[in-house]
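Let's take a walk through this protein together, starting from the outside and working inwards. Keep the picture open while you read.

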Amino acid sequence: MAIAQLSDALIDQIAAGEVVERPASVAKELIENALDAGARRIEIATAAGGKSLLRVTDDGSGIAADELPLAVRRHCTSKLSGGLDAIATLGFRGEALPSIGSVARLTVRSRAAGAAEAFEIAVDGGRSSGLRPAALSRGTVVEVRDLFHAVPARLKFLKSDRAEGAAITEIVRRLAIAFPAVRFELAGPDRTQTVFEAVDPGDVLRRIEAVAGKDFGANAIALAAEREGVQLDGFAGLPTFHRGNALAQYVYVNGRPVRDRLILSALRGAYADVMARDRHPVAVLFLSLDPALVDVNVHPAKADVRFRDPGLVRGLIVGAIRQAFTAAGLRATTTGASGLMDRFRPEIAPQAAPRRFDGFAPGGFASPGQANYSAAASPYRPLEDEASGGVAPGRAASAASAGMAEADAGAERRYPLGAARAQLHGNFIVAETEDGMVIVDQHAAHERLVYEALKTALHGSRLASQMLLIPEIVDLPEDDAERLAEHAEALGQLGLSVERFGPGAVAVRETPAILGQVDCRRLVLDIADELADLGTAGTLRSRIDHVAATIACHGSVRAGRTLRPEEMNALLRDMEATPGSGQCNHGRPTFIALKLADIEKMFGRR
């Protein structure tokens, strides 16, 4: 078959397959264009989940009349004056509008700042109309109708109107966090109105709470770290404040929302030993670095990036989050306390059977089988010599012992976890603090303490290793063998001795003793895959930590063991001094704090 030049319309439709995947892709491209134009108010209207209508209106700088025809042509852009190494805008490829126009009915109406009138241009299936005057006070309105009408085969791959509308909402939510000073309004006949009011850029947490939920601020720790020109800011949710999926993870690189595997892997690594594997952290991360150090031109959708030094970025994220948790000390999630309050429901006790009235006895009202009231025998008798201010000897001794006990616990109450007051069901310690109470799961808490002690002992120096009687030779691609050789020293610190053994092979001479019998080939291949993908070898460390966690689980205080008061208080003090003790190795909370104000609310005293 002879080679032929493709038509411009077909070229645009092929390009649209990469840029325009679904209505949410269209919304992302159009909103990013509005933000690049300096808009402060952006309105998005949809119908049928964006399939029949998607309109984006902004108050930005607009497009000059003579530039409108260029705006709907491929590879025409105003955003690459500094080249690919100095990209300071969200869009830069010059493909969005022509790609959309090739598969839908596109209309662009704009009035440039300072212009006397507005103009519009339409594109239908790749065919552009001429300029014509339009009515518009300022900014730009981009309207997309009948998406994929030019390529109807694509329609069968779209989801329901509700699902496509939800995807557009998610795009708006992610962009709203990155640009808190911009007002976003999402409306249409197929949805309820959603508005994110503009906030001061310095109050980004307020915008984050509007997007991620009002509980986020009370259950997150602020991040601020810098290393070799890479700045990390944002908020990391407490390990016990988690979700069943990763949708509540918002990551931005130089203001651009991304879904980068390296960053998401680093986020998982930061929570590796404080959260269950099937749960996902809640976090908002802002990475800022020189545009020359990151490549955003990886995919037409611009959701993936490549860092020049991925190990630096991963180490910064993991280290900053773990350091923030350590510096924050003990913190319990507010959701745990609210859940506890919800379970305390006042119940009406079953009414006792009415007692038969037997008349008045000399000593007062008497029920069947009940003796008359006797002041001498009653535990509720008045204090002896009360009228003269005296106190009964028994009462005096009781009051004195109670006062001494209160004095002994007074100092303990000033600690974050307070003074132990009781043990319930052989597993839960109830402690009193100055402003409330704390309930501690003794097994989960001690398991965490043992685990942290083991990690400190294991990773404080080179791990003990066991020498193999016969070194195991592992064959693998030359690139993987070279990467393993480059990281041999770091692997040796963890007890794994690896060295080159000819082309495309490595020899394993020692393995970490704590792992016991291990499949050397499988372990080396896993580490090689991780080095190729992320540039770091965390697989070996995670396996060692898993063994330490198992030992800690079996070596900690078991549920059902009765503890003495001094043992309970010692456990509380150790928790206060141990980083990460707010959750066990499986991600469950080790304690729940309940403020006195909340307790008073449950009893209607507030």
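## The big picture

The protein chain exposes about 31,100 Å², and carbon and sulfur atoms supply 54% of that area. Keep in mind that you're looking at a predicted model. Of the chain's 606 residues, 42% count as buried.

If you try counting the pieces, you should get 17 helices and 27 strands. Now for the contacts: among those with a separation of 6 or more, 67% are made by residues 24 or more positions apart.

## The nonpolar cores

Which residues touch the most other members of the largest nonpolar core? They are I31, I42, L287 and F307, and the core holds 96 residues. Helix α8, residues 310–328, gives the most to this core, with nine residues. There's also a second, separate core of 17 residues, and L496, L523, A528 and L531 are among them.

Let's zoom in on I31. Leaving out residues up to four places away in sequence, I31 touches I42, I44, V56, V172, L175 and F184.

## A mixed sheet with helices on it

Next, look for an open sheet of five strands, in the order β10-β11-β16-β13-β14, with mixed pairing. At its edges you'll find β10 (220–227) and β14 (256–258), and each of them pairs on one side only. On average, neighbouring strands here are turned by 20° against each other, direction ignored. Inside the sheet, β11 (residues 230–237) and β16 (residues 283–288) run antiparallel and are joined by six bridges. If you want to spot a facing pair, D233 stands opposite F286 in β16.

Two helices are worth finding here. Helix α5 (residues 161–178) packs on the sheet and touches β13 (249–253), β14 and β16, and its direction makes about 55° with that of β13. Helix α7 (residues 261–270) lies across β13, β14 and β16 as well, running at about 130° to β13.

## An antiparallel sheet

Another open sheet has four strands, ordered β21-β22-β23-β27, and its pairing is antiparallel. What is left without a neighbour at the edges of this sheet? The edge strands β21 (419–424) and β27 (591–595) each have a single partner strand, so one side of each has no neighbour in the sheet. Neighbouring strands are turned by 20° against each other on average, again ignoring direction.

Five bridges join β21 to β22 (residues 428–433), and these two strands run antiparallel. One pair to look for is A422 with its bridge partner V430 in β22. Helix α16 (residues 565–577) lies across β21, β22, β23 (436–441) and β27, at about 115° to β21.

## A one-sided helix and a buried lysine

Now try helix α6, residues 204–212, whose buried residues are V204, R207, I208, V211 and A212. Why do they sit on the same side of α6? Because they cover an arc of only 115° around the axis. Just after α6, G213 takes a positive phi of about 115°.

Last stop: K455, which you'll find in helix α11 (residues 442–459). Is K455 buried or exposed? With a relative accessible area of 15%, K455 falls under the 20% cut-off, so K455 is buried. K455 and I544 are 89 residues apart in sequence, yet their C-alpha atoms are 8.9 Å apart in space.

Note on methods:
Residues are numbered from 1 along each chain as its sequence is written. This is a predicted model: local features need pLDDT of at least 70, side-chain atom pairs count only at pLDDT 80 or more; totals for chains, interfaces and linings use all residues. Side-chain values use heavy atoms; hydrogens and water are left out. Buried means under 20% relative accessible area, exposed over 50%, partly exposed in between (1.4 Å probe, protein chains only). A nonpolar core is a set of buried Ala, Val, Leu, Ile, Met, Phe, Trp, Tyr and Cys residues joined through side-chain atoms within 4.5 Å. Contact means heavy atoms within 4.5 Å. Accessible areas come from the Shrake-Rupley method with a 1.4 Å probe; for residues, only the protein chains shown count as cover. Two strands pair if DSSP finds at least two bridges between them. Axes are lines fitted to C-alpha atoms, for helices over the stretch in contact, and angles run from 0 to 180 degrees between N-to-C directions. The arc is that of the directions from the helix axis to the C-beta atoms.
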